[in-house]
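Biologist: I should be grateful for a close look at a single part of this model. Please describe the elements that make it up, how they are arranged against one another, and which residues illustrate the arrangement.

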Amino acid sequence: SNVPLLDIPSADETNEQVTSEDALEFVTTLSEVTNEYVFTSDPEKSVLVLESFIGTESLENNVSANRYEVSVNEANTIAYCKAASAKLIDTVVYKKLSGQSDEERESTKETAIEQCDQSSDTLNTEEDKETINLWIDKRTKLIHKIRVSTNNDEANYYEFGQNFQGGDEAPLFSYLRDEDGGYEAKTELKLNRATRTSQLSVKANNLGGDTPFSVTASLEFKPASSDIRTEPPTNAVPIESIFEIPTDESGVSSQSFGSIGLRAADTERETDIKSLHSQLEAFYAQEGYYPTLTLLNDPSWQLQNLRGIDFEAFVDPNGVDAILVEVATTTQYGYQALSCVSNECQDYVLTALRSDGSLIERNSLQF
């Protein structure tokens, strides 16, 4: 979407030095307003709206993620633009870099807000419709990345995300691909909360056109050796929580941007139950019976009899263990074997609980 970005002067245009505390305040301000409008469960503010489940994909660094297509709520996007512009103009970073007086900053703020309103004329037109795809890491249940492209163009797009897998390091990344122009650029930023160090790497190249180039750069930021007094800003937000789909005490997703987390989890449950149902019916077609719950939970039996199944299908989005129970819970799928003689059964019921507590149910085809 053609939402204007805040125009901040470069460092060599001003005389005031920006401190690490100033930069932290700027990032925190942007994070807070982003949480309010992007990573929120409030439909009155949410920028993103879930449209459809595309499928499960294997990504870099051994990440398995569910891919979804999302759309943009135009009114909420403009409100986000206005809020971000107003709050960032009030930060110390902008005050120092712009060198503007209070009156000049107020004028800049009014202009930025007007530009946000004008951007509504170019948001998601039929001729130049932007497509947004979202990937959610199946293991961590965190948002892995978001991709923006024009008319779902797989060759030309911009994406950004994170690969937090636990611990003190928060890896962030962005990638710009322009196949038509032969240009691509990848940026990686690794933040370590324990050592308070940051590593930034940039790779860019353009092998086409009149001026081909290739650039590789890396920077490392470490704490100064002298004593420095630092204090976190009020209500600081951990970087990994920006991408998290929160859960309540029972493990059920209770909050996400525009209910995407809840709906994404329910879509995954429906897909998993269908997958298990298909495997069980294929087994019955060959053997003439269904397994007991004990057999179905046996990894050796699964490997021998459920050929080609993704074993993540046994795990509820809010669960950890690939173990079914007789009656579905908020963290485990249910499998009730019926009409059994020894280890051979003639009927079953597969169940899962949606985020709102309603039941997903599949019966055997022999029922």
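Modeller: The account below takes up a sheet, then one helix, and ends with a further sheet. The model is predicted, and every value given here is computed from it.

The sheet is open and consists of nine strands in the order β1-β2-β3-β4-β5-β6-β7-β8-β9, with antiparallel pairing. Its edges are formed by β1 (48-59) and β9 (213-221), each of which pairs on one side only. On average, and with direction ignored, neighbouring strands in this sheet are turned by 15° against each other. As a rule, the strands of a sheet are held in pairs by backbone hydrogen bonds, in either a parallel or an antiparallel sense.

Strand β3, residues 130-137, merits particular attention. Seven of its eight residues are buried, so β3 is largely enclosed by the rest of the structure. Burial here stands for a relative accessible area under 20%. On one side, β3 pairs with strand β2 (residues 63-72) in the antiparallel sense over six bridges. Within this pairing, Arg67 has Trp135 of β3 as its bridge partner. β3 is also joined to β4 by seven bridges, and these two strands run antiparallel. Here Leu134 stands opposite Ile146 in β4. The hairpin of β3 and β4 has five residues between the strands, and Lys141 takes a positive phi near 65° in it.

From β4 the pairing continues to the next strand in the order. Strand β4 (residues 143-150) and strand β5 (residues 156-162) pair in the antiparallel sense over five bridges. In that pairing, Lys145 finds its bridge partner in Gly161 of β5.

Turning to helix α2, one may compare its expected and actual span. The helix covers residues 74-89, and at 1.5 Å a residue its 16 residues should span 22 Å; the end C-alpha atoms are 23 Å apart, which agrees. At the N-terminal end, α2 is capped by Asn73, whose side-chain oxygen lies 3.2 Å from the backbone nitrogen of Ala75. The buried residues of α2 are Asn76, Thr77, Ile78, Cys81, Ala83, Ala84, Ser85, Ala86, Leu88 and Ile89. Ala79 also lies in α2, but it counts as partly exposed because its relative accessibility is 27%, which falls between the limits of 20% for buried and 50% for exposed.

Helix α2 packs with helix α4 (residues 102-118) at an angle of about 165°, and the two axes are 9 Å apart. Angles over 145 degrees count as roughly antiparallel, and α2 and α4 are therefore roughly antiparallel to each other. Their crossing is right-handed. A distance can be added for Ala79: its C-alpha atom is separated by 8.7 Å from that of Asp117, although the two residues are 38 residues apart along the chain.

For reference, another open sheet has three strands in the order β10-β11-β12, with antiparallel pairing. Its edge strands are β10 (334-341) and β12 (359-363), each pairing on one side only. Neighbouring strands of this sheet are turned by 15° against each other on average, direction ignored. β10 and strand β11 (residues 344-353) run antiparallel and are joined by seven bridges; Tyr335 has Leu350 in β11 as its bridge partner.

How values were computed:
Residues numbered from 1 in each chain as written. Predicted model: local features only at pLDDT ≥ 70, side-chain atom pairs only at ≥ 80, totals over all residues. Heavy atoms only, no water. Pairing = 2+ DSSP bridges. Helix = DSSP H or I, 4+ residues; strand = E, 2+ residues; numbered from the N terminus. Axes fitted to C-alpha atoms, helices over the stretch in contact; angles between N-to-C directions. Expected span 1.5 Å × (residues − 1). Buried < 20%, exposed > 50% of the residue type's maximum accessible area, 1.4 Å probe, protein only. Polar contact = N/O pair within 3.5 Å; in protein donor to acceptor, adjacent residues only side chain to side chain. Parallel < 35°, antiparallel > 145°, perpendicular 65-115°, else oblique. Left-handed = near helix turned anticlockwise from the far one by under 90°.
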